[in-house]
Amino acid sequence: MGTRRVLVTGCSSGIGMAVAVRLAKEKGFKVCLCEAVVATMRDLEKREPLERVAGDTLNRSLEIRQLDACCEDSIRECVDSLQDRQVDVLVSNAGVGMIGPLECQSMSDMQGLFDTNFFGLVRLVKEVLPDMKRRRSGHIVVMSSIMGIQGLLFNDVYSASKFAVEGFCESLAVQAMKFSVKMTLVEPGPVGTEFERKVYEDAEKMDLAGVDEETARIFREIYLPYSRKVFNSLAQTPEEIAEQTLQLITAKEPPFRHQTNRVYMPMTALKHADPTGRLPLDTFYKLLFKHDSLFTASLGLLRMLQKRAGKSSK
Ligand SMILES: NC(=O)c1ccc[n+]([C@@H]2O[C@H](COP(=O)([O-])OP(=O)(O)OC[C@H]3O[C@@H](n4cnc5c(N)ncnc54)[C@H](OP(=O)(O)O)[C@@H]3O)[C@@H](O)[C@H]2O)c1
């Protein structure tokens, strides 16, 4: 594979940082001495951790630039600053989370989340797709989520933003294909990053005064402990997501959808197995409210299977 320029958003931490560094260390992206991986972040004051992990790739195969996914001018300036405005691969990764009862979220916070998670992607694609179409090549890789396929209790708005991402990409992919531009949705389950820390920190501080007692109890006493157990049992590392993203970018025929965590495949299969939508709803309801011991036991089993799968793939 020849050298391609990859632009990654949201590289101040987590998955974006891991993807940028993993790509910069890969041979195919090293040939060109600079700008092979354009690792972007909205606030350059936060560049130090990335500089540290980038090591000797910094200013060789990895360049750090400013880009705010919520600002069209910032995106344009960043792309304009690249030679020939060339972006061969866009990794749209910047995103924010939100959990909690709907009654506790303000409209402006929800709109802010959509502005980053959905319209951030739309702005980026608007900027790079016309050039990709003209060149008749390119790959748009989008960090979606398993919650872009299956909604989850108390993740209503976050999940909706990822559904929007999936619908947008699914609609655009056919047109892109006509111009030989590839699109891939990466769908991770839980990943241990700042994201997790931030959403739980917000949840702890959340003012539940505006919500009825039963909902507040379900959130605090059922959802939060379960969600923590899921993270502790099943979370992948950002490096695992980065490795899989590299495989997707370098694949000859990358898939349109890629779930990073096999453990979630039965859950998404449930959704497709029943067009009425009852099967996944009933299953989630029973696991959360009726069979919590079964839920905990199945997590233990899944963790064991995940470890085994990890060992056998090494
Ligand atoms: N962690 C998970 O469990 C998980 C699971 C599935 C999917 N994902 C998705 O993976 C992506 C990366 O998340 P992560 O887990 O790596 O979380 P993270 O460590 O919190 O990283 C999110 C990144 O997005 C950046 N960002 C936020 N708003 C931005 C904006 N307007 N412009 C540019 N950058 C912006 C953040 O920058 P600042 O430092 O400036 O805030 C940060 O660099 C997100 O799209 C998320 O939805 C995460």
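Aspartate 43 counts as exposed because it has 9 C-beta neighbours inside 10 Å. On this scale a residue with 12 or fewer other C-beta atoms within 10 Å of its own is exposed, one with 20 or more is buried, and one in between is partly exposed, with C-beta atoms placed from the backbone. The model is predicted: local features need pLDDT of at least 70 and side-chain atom pairs pLDDT 80 or more, while totals for chains, interfaces and linings use all residues. Residues are numbered from 1 along each chain as its sequence is written.

Aspartate 43 sits in the loop between β2 (37-41) and α2 (48-54); helices (H or I, at least four residues) and strands (E, at least two) are DSSP runs numbered from the N terminus. Aspartate 68, 25 residues away in sequence, is 7.9 Å from aspartate 43, C-alpha to C-alpha.

The ligand is surrounded by 30 residues, the closest being Gly10, Gly14, Ala94, Gly95 and Phe195; a residue is near a molecule if its C-beta atom, placed from the backbone, lies within 6 Å of it. Both α1 (14-24) and α7 (194-205) supply at least two residues of this shell.

| Class in the ligand shell | Members | Count |
|---|---|---|
| Nonpolar | Ala, Val, Leu, Ile, Met, Phe, Trp, Tyr, Cys, Pro | 12 residues |
| Polar | the others, Gly among them | 12 residues |
| Charged | Asp, Glu, Lys, Arg | 6 residues |

The largest nonpolar core has 53 residues, and Val8, Ala20 and Leu90 are among those with the most contacts inside it. Its largest share, 8 residues, comes from α1. Such a core is a set of buried Ala, Val, Leu, Ile, Met, Phe, Trp, Tyr and Cys residues joined through C-beta atoms within 7 Å.
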